[in-house]
Amino acid sequence: MLIRRPSDIAPSEITPRDVYLRRREFLAGAAALGVVSGLSALFPAKAHAAPLTAAPSPLSTTDEEKTTLANITTYNNFYEFGTDKGAPARNAHTLKTTPWKVKVDGMVNKPGDYGIEDLINFNALEERVYRHRCVERWSVVIPWIGVSLSDVLKKVDPQPSAKFVEFTTLQRPSEMPGQRTGVLEWPYVEGLRMDEAMHPLTMMVVGLYGKVLPNQNGAPLRVHIPWKYGFKSGKSIVRIRFTDKMPATTWAIQSPDEYGFYANVNPSVPHPRWSQARERRLPNFLANTPTLLFNGYGDQVASLYTGMDLKKYY
Ligand SMILES: Nc1nc2c(c(=O)[nH]1)N[C@H]1C(S)=C(S)[C@@H](COP(=O)(O)O)O[C@H]1N2
Ligand SMILES: [Mo]
């Protein structure tokens with residue numbers, strides 16, 4: 001277990017981030033240290049306002065202008081909260097992100113129910129600015145905060161037989177109004193081949209723009225794979241399963257002719273109903289930004305797909 005007892009926490013480590021993530025331990029620790037006064041000022045009114053400390057990462061991949069926080073948090077796909085782009089921002093406040101457990105199972109040496117701090121080293125958070133391209137042709141540039149997914153997966157020690165990793169989103173219709181409809185099969189499931197999951201660019205995200213992830217962006221834990229269409233990046237993850245079979249993923253189940261397992265951004269493979277050659281960089285109205293193969297990350301990731309027909313395996 002990585003969660004330390006209060007007596008282990010030095011005053012120098014007591015930061016607002018710790019307050020948010022280790023509230024109970026902090027309280028006990030602070031009481032023991034006699035520093036209780038003024039505590040309430042440290043407690044954020046809303047979880048998503050809590051700051052996160054992250055070092056700028058060499059894996060930041062673009063110096064394009066960042067999309068504004070307002071755009072990133074009000075134009076979302078998160079069908080659990082409704083299908084229009086504004087619905088997640090309107091509805092996701094009902095999601096309760098504490099407590100949160102992630103079940104790790106399948107072909108793995110350390111299965112179990114993990115707390116977020118067991119999986120993520122919050123002292124090693126990085127900020128990485130990535131392009132993020134939805135299959136529906138809009139794109140954004142986001143300063144994510146998180147770690148390489150590989151750091152998370154290594155902690156639980158996947159077995160060599162595992163060829164894929166599957167991510168399952170929370171299923172809690174009482175807090176997720178979209179799950180009270182049949183618009184998709186619930187829960188939302190996504191997956192990656194192990195080598196894609198272990199690639200250093202693939203991120204486990206816990207924040208953006210210096211703060212804890214807003215609910216509508218997938219709090220408390222979401223994946224982001226910058227060279228793939230956005231639907232590969234499952235939000236509000238509660239289960240990580242290792243398997244030797246390609247997982248059945250939500251959009252591939254919903255519409256197999258339109259959405260494949262790989263979903264690598266590819267301007268030369270049109271979606272059956274629209275071209276993927278260009279994209280609409282929010283807040284632009286026109287789709288006049290050229291889309292790049294692998295979303296511009298080909299130098300780093302093309303070798304994962306050597307010998308594969310990317311028109312067939314889309
Ligand atoms: N659980 C869940 N995860 C999801 C989705 C969803 O509907 N439910 N939508 C996906 C799609 S289609 C995209 S484009 C991205 C959008 O992420 P963003 O809203 O943070 O930009 O989330 C992906 N992850
Ligand atoms: Mo998307």
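This is a short talk on one sheet, one ligand site and one buried asparagine in the structure above.

Keep in mind that the model is predicted.

Let's start with the sheet. Five strands make it up, and it is open. Read across, the order is β3-β2-β11-β6-β7. The pairing is mixed. Now the edges. β3, residues 112-115, and β7, residues 189-193, each have a single partner strand, so one side of each is left without a neighbour in the sheet. On average, neighbouring strands are turned by 20° against each other, direction ignored.

Two pairings show the mix. Take β2, residues 101-106, and β11, residues 237-243. They run parallel, and four bridges join them. In that pair, G106 stands opposite F242 of β11. Then take β6 and β7. These run antiparallel, with five bridges between them. Here F167 sits opposite E190 in β7.

Stay on β7 for a moment. Is this edge strand buried or exposed? Mostly covered: five of its five residues are buried. V189, G191 and R193 point one way. E190 and L192 point the other way. Both sets are buried.

What lies across the sheet strands? Helix α6, residues 149-156. Helix α6 lies across β2, β3, β6, β7 and β11. Against β11, the helix runs at about 70°.

Next, the ligand. How many residues surround ligand 1? The count is 17. The closest are Y79, E80, H132, S233 and K235. Three polar contacts are worth pointing out. At Y79, a polar backbone atom is 2.8 Å from an oxygen atom of the ligand. At H132, the partner is a polar side-chain atom, again with a ligand oxygen, at 2.8 Å. At R222, a side-chain N or O atom lies 2.9 Å from an oxygen atom of ligand 1. As for cover, ligand 1 on its own has 530 Å² of accessible area, and the protein covers 99% of that.

Last stop, N217. Where is it? N217 sits in the loop between β9, residues 211-212, and β10, residues 222-224. Its relative accessible area is 3%, so N217 counts as buried, the cut-off being under 20%. The N217 side chain reaches the backbone oxygen of I72 at 3.1 Å. Leaving out residues up to four places away in sequence, N217 touches I72, T73, N76, L208, R222 and K235. Two of those names have come up already. R222 has the 2.9 Å contact with ligand 1, and K235 is among the closest residues to the ligand.

Note on methods: Residues numbered from 1 in each chain as written. Chains lettered and ligands numbered in written order. Predicted model: local features only at pLDDT ≥ 70, side-chain atom pairs only at ≥ 80, totals over all residues. Heavy atoms only, no water. Pairing = 2+ DSSP bridges. Helix = DSSP H or I, 4+ residues; strand = E, 2+ residues; numbered from the N terminus. Axes fitted to C-alpha atoms, helices over the stretch in contact; angles between N-to-C directions. Contact = heavy atoms within 4.5 Å. Near = heavy atom within 4 Å. Polar contact = N/O pair within 3.5 Å; in protein donor to acceptor, adjacent residues only side chain to side chain. Areas by Shrake-Rupley, 256 points an atom, 1.4 Å probe, with all protein chains shown as cover. Buried < 20%, exposed > 50% of the residue type's maximum accessible area, 1.4 Å probe, protein only.
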